[in-house]
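Hi everyone, thanks for letting me take the slot today. Let me put the structure up, and then we'll walk through it together.

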Amino acid sequence: MPNLQTVGLKHNQISVIPDSSLEGSLSKLQFLLLEGNPMICDCRLAWLIKEKPEAVSGECHFPSKLKGKHIKDVESDYLKC
């Protein structure tokens, strides 16, 4: 899906998005909508933090030190496993 620009995954109980799920699509991806999902913000999300699309929405739910923090505001230094 090299021309994919928007992915809406709101309220789907998603906690982790493997980097392989959007492989080949990140160059044009502009919007990744993740609101309402219990996202785990650890090393498995580092690829997204490093390759942030123009607009990423959603909040971290785990670990507790990042709970409530917007994914777009998380620094890769905080993503530990």
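**Two disulfides, a core and a few neighbours**

Let's start with C60, which counts as buried because its relative accessibility is 0%, and the cut-off for buried is under 20%. Keep in mind that what you're looking at is a predicted model.

So how confident is the prediction? The average pLDDT for the chain is 89, and 100% of the residues score at least 70. Confidence bottoms out in α1, where the mean is 84, and peaks in β3, at 96. As a general habit, where pLDDT is low, don't read the predicted coordinates in detail.

Okay, back to C60. Which residue is its disulfide partner? That's C41, and the two sulfur atoms are 2.0 Å apart. This pair ties together distant parts of the chain: C41 is in the loop between β3 (39–40) and α1 (46–50), while C60 is in strand β5 (residues 60–62), and they are 19 residues apart. If you're new to this, a disulfide is a covalent bond between the sulfur atoms of two cysteines. The torsion about the S-S bond of C41 and C60 is about -95°, so we call this disulfide left-handed. C41 is buried too, with a relative accessible area of 1%.

How many disulfides does the structure hold? Two. The other one I want to show you is between C43 and C81, with sulfur atoms 1.6 Å apart. It also links distant parts of the chain, with C43 in the loop between β3 and α1 and C81 in the segment after β5, 38 residues apart. The torsion about the S-S bond of C43 and C81 is about -95°, so that disulfide is left-handed.

Now, are C43 and C81 buried or exposed? C43 is partly exposed, at a relative accessible area of 35%. C81 counts as exposed, because its relative accessibility is 70% and exposed means over 50%. And if you number the bonded cysteines in sequence order, the pairing comes out as 1-3, 2-4.

Let's go back to C41 and look around it. Leaving out neighbours within four places in sequence, C41 is in contact with C60, F62, P63, L66, I71 and L79. C41 also turns up in the largest nonpolar core, which has 20 residues. C41 is listed there among the residues with the most contacts inside that core, together with L32, L34, M39, L48, I71 and L79. Which element gives the most to this core? That would be α1, with four residues. Here's the textbook background: in soluble globular proteins, nonpolar side chains tend to be buried together.

Next up, charges. Searching the whole structure turns up one salt bridge. It is between the side chains of R44 and D42, at 2.8 Å from N to O. R44 is partly exposed, with a relative accessible area of 41%, whereas D42 is buried, at 10%.

Here's a polar residue to look at: S57, which sits in strand β4 (residues 55–57). Is S57 buried or exposed? S57 counts as buried, because its relative accessibility is 16% and the limit is under 20%. Its side chain makes a polar contact of 2.8 Å with the side chain of E35. Apart from residues up to four places away in sequence, S57 touches L32, L33, L34, E35 and I71. You've already met L32, L34 and I71, since they are among the residues with the most contacts inside the largest nonpolar core.

Two more stops. F31 is in strand β2 (residues 31–33), and at 32% relative accessibility F31 counts as partly exposed. F31 and E54 are 23 residues apart in sequence, and their C-alpha atoms are 6.3 Å apart in space. Not counting residues up to four places away, F31 touches Q5, T6, V7, P53 and A55.

Last one: Y78, in the segment after β5. Y78 is partly exposed, with a relative accessible area of 43%. Which residues does Y78 touch, not counting those up to four places away in sequence? K65 and L66. Y78 and K65 are 13 residues apart along the chain, and 9.3 Å separates their C-alpha atoms.

That's my tour, thanks for listening!

How values were computed. Residues are numbered from 1 along each chain as its sequence is written. This is a predicted model: local features need pLDDT of at least 70, side-chain atom pairs count only at pLDDT 80 or more; totals for chains, interfaces and linings use all residues. Side-chain values use heavy atoms; hydrogens and water are left out. Helices (H or I, at least four residues) and strands (E, at least two) are DSSP runs, numbered from the N terminus. Buried means under 20% relative accessible area, exposed over 50%, partly exposed in between (1.4 Å probe, protein chains only). A polar contact is a pair of N or O atoms within 3.5 Å; within protein, one must be able to donate a hydrogen and the other to accept it, and residues adjacent in sequence count only if both atoms are side-chain atoms. Contact means heavy atoms within 4.5 Å. A disulfide is a pair of cysteine sulfur atoms within 2.5 Å. A nonpolar core is a set of buried Ala, Val, Leu, Ile, Met, Phe, Trp, Tyr and Cys residues joined through side-chain atoms within 4.5 Å. A salt bridge is a side-chain nitrogen of Lys or Arg within 4 Å of a carboxyl oxygen of Asp or Glu. pLDDT is the predictor's confidence in each residue, from 0 to 100.
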